[in-house]
Amino acid sequence: MSASLLEVSDLTVDFGAVPAVRGVDLAVRRGETLGIVGESGSGKSVTALAVLGLLPRAAAVGGSVRLDGRELVGLPDKELARIRGSRIAMVFQDPLSAFTPVYRIGDQIVEALRIHRPQGRAAARRRAAELLDLVGIPAPERALDSFPHEFSGGMRQRAMIAMAIANDPDILLADEPTTALDVTIQAQVLDVLRTAQRETGAALVLVSHDLGVIAGMADRVAVMYAGRVVETAPVDELFARPRHPYTLGLIGAVPRLDGRGGPLVPIPGTPPAPGTVTGCPFAARCPLVEDRCRTAEPALTGDDGHLAACVRAGELAARAPRPEEVYPVPPVPPAGRPGEEILRVTGLVKTFPVLKGTVFKRRVGTVHAVDGVDLAIRRGETLGLVGESGSGKSTTLYELLALTRPEAGRIDLLGRDTAGLDRAGTRELRRAVQIVFQDPMASLDPRMPVGDIIAEPLRAQAAPRAQIDRRIPQLLRQVGLEPAHASRYPHQFSGGQRQRISIARALAVEPELLVLDEPVSALDVSIQAGVLNLLQRLKAELGLAYLFVSHDLSVIRHLADRVSVMYLGHTVEAGTVESVFESPRHPYTRALLSAVPLPDPVAERARTRILLAGDPPSPRERPSGCPFRARCQVHALLDDARRARCEQEVPLPQAAAPGVDHLAACHYPDA
Amino acid sequence: MTAVLDTAPAEPKSPAAPGRGRLVLTRLLAARGATAGAVIVLLLFLLAFAGPYLTPWDYATPNYTAIRQPPSAEHWFGTNGIGQDVFAQTVRGLQKSLVIGLLVALLSTLLAGLVGACAGYFGGWADRALMFLVDLLLIFPSFLIIAIVSPKLKGAGWLAFVLLLALFNWMITARVVRSMTLSLREREFVRAARYMGVAPFRIILRHILPNVSSFLIIDATVTVGGAVMSETALSYFGFGVRPPDVSLGTLLAAGTDQAPVFPWLFYFAAGLLVLFVLAINLIGDGLRDALDPTSDRSTP
């Protein structure tokens with residue numbers, strides 16, 4: 001074992017009486033990538049900030065952090081400031097708040113350069129342009145004079161990385177660097193991080209909740225739970241033979257893009273509140289729990305670099321079980337065959353005017369949020385609607401739910417055209433279509449007890465009181481909560497439970513179509529698995545149809561029967577999940593699929609990745625011809641004659657073969 | 001969480017879960033401050049309406065043989081410059097002020113909540129029209145209008161006076177409620193209710209108003225004291241409550257300059273007013289905590 005560059009031993013962080021980090025040991029060697037993975041509240045970000053001494057004064061930091069043998073904990077701020085940025089640099093999650101909005105990007109990078117190495121302004125500026133070029137920002141000279149808000153999220157994160165590597169640091173700390181980004185942009189930024197690491201030879205500490213990102217980037221992984229490292233191992237070893245039941249559950253809880261891995265494994269319960277547990281903090285959720293787990297917290301032990309904090313680690317190492325062999329997996333009854341069509345959307349269009357002026361508003365442009373969307377859902381079927389931010393997924397949903405005449409196109413719900421609905425028709429459709437929102441905290445009235453929240457759609461439908469009283473306990477039980485929970489308020493529940501309440505509310509009036517707007521993206525993976533399993537069970541039991549909107553392709557793959565891919569307000573590809581995921585026809589779909597990281601380091605390394613160039617264009621511009629052509633990897637390789645067609649003609653959705661349920665809107669699919 | 005899976009329950013008849021109204025009431029009753037406040041207000045009402053029967057003296061009849069007497073067994077709160085019994089006057093004034101304070105606060109807060117929430121929720125023309133009305137009333141010199149109108153209302157009595165006071169007291173609150181509603185309207189739970197087909201006015205009543213209730217309650221408790229005092233100002237100029245009738249406000253106005261020498265003319269009325277406002281504040285705090293589920297750690 002070579003000497004460590006950064007050595008963290010027995011690091012503790014307490015906020016008042018609440019311990020956030022409880023004795024973390026980490027070692028980072030020169031040039032390697034250490035992934036720290038954990039769910040929210042596990043202490044991974046606090047650990048990263050503690051290394052840099054960036055925690056607020058209220059935090060009491062104990063233990064030791066050594067950089068090349070030099071102790072950093074307790075160092076005065078002035079000394080630390082010399083190390084920050086020059087030897088250890090940080091890439092934050094939200095690059096918009098990490099840049100000062102009123103200074104130009106160039107000035108901020110120049111400042112970072114000149115603070116640590118006094119040099120002329122012109123020289124620093126030249127170096128800054130080089131750095132921007134290195135991280136793949138086009139026209140770096142011009143970009144230097146841009147303000148942070150003029151950059152897109154991906155560009156800002158690149159600039160952030162450029163600033164971090166400005167002084168050739170020994171260690172790059174990246175705290176959830178891609179969490180706020182779309183998958184194709186995430187792939188670009190991860191690629192830039194790899195480049196940056198290669199150019200500077202720095203060690204990379206990558207903090208993430210995403211097992212896929214970790215699997216693709218890290219050499220070694222530390223899994224954190226409740227403020228401690230519970231397992232650490234080389235990446236292949238960790239994913240192939242996890243020794244801690246938590247790691248095992250986490251791996252089983254992630255839906256996989258390649259469709260392997262069987263049913264999702266929900267880890268029951270939620271992480272304990274900090275400072276409340278004696279013994280192993282995972283004991284309450286662990287399927288392998290024994291009496292001795294509850295008395296003493298196991299130490300992090302093991303051999304050949306694979307350490308785990310579990311008394312039964314040896315057993316798990318020897319047996320190497322699959323997650324579903326250890327965790328109880330609720331049986332998901334097989335879904336029935338899809339029935340008749342209940343929703344058909346054709347050529348839906350929605351535009352928003354761009355207005356300027358305060359007193360006299362004049363229209364200066366148009367946002368084509370939805371620009372020709374086709375959807376169809378049959379009873380008992382799940383349609384996944386996939387797209388990156390700005391692709392018009394949410395606008396499509398809200399147009400559906402508005403139950404009015406669309407700007408253009410046609411929406412047929414349960415055989416009724418929404419353009420000509422009377423009062424009774426609207427009322428009936430308001431019952432038949434229910435929605436579950438992304439953020440379960442925002443979508444439940446904080447001042448209403450859960451019973452009233454669930455009763456709301458019933459009251460809106462003027463259901464008799466006796467029926468409402470009968471239905472509430474039934475619904476709560478159906479989503480895995482207790483009838484006694486009806487008199488509690490939303491803030492007394494965890495995120496996963498709140499989403500279950502949301503689902504119960506939507507189910508109250510026995511809808512036929514459930515619209516799910518990113519229902520699990522605000523949840524941690526272990527909780528997400530439970531909610532996804534619940535959705536699958538409900539669908540099978542109640543014969544519901546789902547319109548499932550998500551940016552997470554793995555979730556769609558796991559749950560949906562059919563999938564529809566959106567780009568810039570257009571439906572670019574649609575078909576059954578198997579056909580779209582196994583043999584994508586549209587270049588965008590192919591790029592999207594290749595950008596999704598797999599939680600499997602071996603498979604992840606074997607993949608070839610299609611990196612898309614640039615960002616999606618602004619929906620205010622409406623490119624002629626194919627909306628995707630500016631970023632298209634196929635278009636770039638075509639000869640001029642064939643390119644002209646992409647530039648002039650809008651591609652229409654065409655089936656792969658007559659009668660096959662697999663459409664793609666591309667002139668040269670399968671090319 | 002996944003253990004309970006049976007969906008066809010042969011469940012025992014479980015009692016229906018208490019709704020929001022019941023929960024808030026239980027929480028309100030459990031709050032000691034609110035109960036104390038309510039008891040004080042009740043006692044004040046009792047004093048105000050039973051008080052006149054306890055004393056042989058009339059609030060209006062002067063008694064020139066007993067001028068500016070300090071409190072004694074005969075005149076409990078003493079007498080004033082023309083020998084009227086201060087206790088009789090105070091309880092008579094308390095009757096007026098209790099009713100005026102409570103009604104004005106209730107009416108103006110209700111009006112402010114409704115107008116503000118409607119303007120914010122509906123937006124567009126409704127918003128513009130309502131806000132025009134608010135601005136119009138704000139720039140009207142309310143004092144002048146009340147002064148002009150109140151002689152005409154002489155026959156209508158104090159209820160008309162209450163209406164007038166309430167009418168000129170709600171505008172700023174309504175503006176605040178409107179801006180709070182504008183942000184609430186975009187919250188997902190409101191949107192969810194809309195997509196469920198809940199009628200707009202029901203959304204305002206069930207979602208918007210409870211979520212601005214903390215502000216409204218604080219505002220209402222402040223208004224109670226304010227209404228009593230503004231009634232004073234009007235009475236001082238001869239509008240509103242006219243002599244020989246009295247209110248706490250007129251008593252205070254009359255007693256202020258004599259307070260150092262003849263404290264009983266001022267401090268009894270002032271003490272009762274302070275007690276009243278304090279009690280209202282206690283009730284308001286209790287109500288606010290009862291409506292806000294995050295206000296305490298203990299669950300009901």
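Is A:F282 buried or exposed? In this predicted model, A:F282 counts as buried, because its relative accessibility is 1% and buried means under 20%. The residue belongs to an aromatic cluster described below, after an outline of chain A.

Chain A contains 24 helices and 24 strands. Its radius of gyration is 26 Å, close to the 26 Å expected from the globule rule for 671 residues, so chain A is as compact as a globular protein of that length. The C-alpha trace spans about 75 × 70 × 55 Å along its principal axes. Of the 671 residues in chain A, 57% are buried. Contacts were also sorted by distance along the sequence. Among contacts in chain A with a separation of 6 or more, 67% join residues that are 24 or more positions apart.

The surface and the charges of chain A were examined next. The accessible surface comes to about 26600 Å². Carbon and sulfur atoms account for 51% of that surface. Chain A carries 78 positive and 78 negative charges. The mean positions of these two sets are 3 Å apart.

Aromatic rings were then considered. Over all chains, the search of the whole structure finds eleven aromatic pairs. One of them is formed by A:Y225 and A:Y246. This pair is tilted, with 4.5 Å from centre to centre and 50° between the planes. A:Y225 lies in strand β9, which covers residues 220–225 of chain A. A:Y246 lies in helix α11, which covers residues 245–253. The pair therefore ties together parts that are 21 residues apart in sequence. Both A:Y225 and A:Y246 are buried.

A:Y246 also pairs with A:F282. Here the arrangement is edge-to-face, with 5.3 Å from centre to centre and 70° between the planes. This pair links distant parts of the chain. A:Y246 is in helix α11, whereas A:F282 is in the loop between α11 and β11 (301–303) of chain A. The two residues are 36 residues apart. A:Y246 counts as buried because its relative accessibility is 0%, and buried means under 20%. Together, A:Y225, A:Y246 and A:F282 form one aromatic cluster.

Backbone angles in two loops of chain A were also examined. Phi of A:A462 is near 60°, a positive value in a residue other than glycine. A:A462 is found in the loop between α16 (450–460) and α17 (465–478). A:A462 is exposed, because its relative accessible area is 57% and exposed means over 50%.

A:L568 likewise has a positive phi and is a residue other than glycine. Its phi is near 55°. A:L568 is found in the loop between β21 (562–567) and β22 (570–576) of chain A. Which side of the burial cut-off does A:L568 fall on, buried or exposed? A:L568 is buried, with a relative accessible area of 9%. Thus A:A462 is exposed, whereas A:L568 is buried.

One residue of chain B completes the account. B:S108 is found in helix α3 of chain B, which covers residues 86–122. B:S108 is buried, with a relative accessible area of 2%. Residues up to four places away in sequence were left out of its contact list. With that exclusion, B:S108 touches B:A166, B:N169, B:W170 and B:T223.

Technical notes
Residues are numbered from 1 along each chain as its sequence is written. Chains are lettered from A and ligands numbered from 1 in the order in which they are written. This is a predicted model: local features need pLDDT of at least 70, side-chain atom pairs count only at pLDDT 80 or more; totals for chains, interfaces and linings use all residues. Side-chain values use heavy atoms; hydrogens and water are left out. Helices (H or I, at least four residues) and strands (E, at least two) are DSSP runs, numbered from the N terminus. The radius of gyration is taken over C-alpha atoms; the globule rule is 2.2 Å times the number of residues to the power 0.38. Buried means under 20% relative accessible area, exposed over 50%, partly exposed in between (1.4 Å probe, protein chains only). Contact means heavy atoms within 4.5 Å. Accessible areas come from the Shrake-Rupley method with a 1.4 Å probe; for residues, only the protein chains shown count as cover. Lys and Arg count as positive and Asp and Glu as negative; His and the chain ends are not counted. The place of a charge is taken as NZ of Lys, CZ of Arg, CG of Asp or CD of Glu. Rings of Phe, Tyr and Trp (its six-membered ring) pair if their centres lie within 6.5 Å; planes under 30 degrees apart count as stacked, over 60 as edge-to-face and the rest as tilted.
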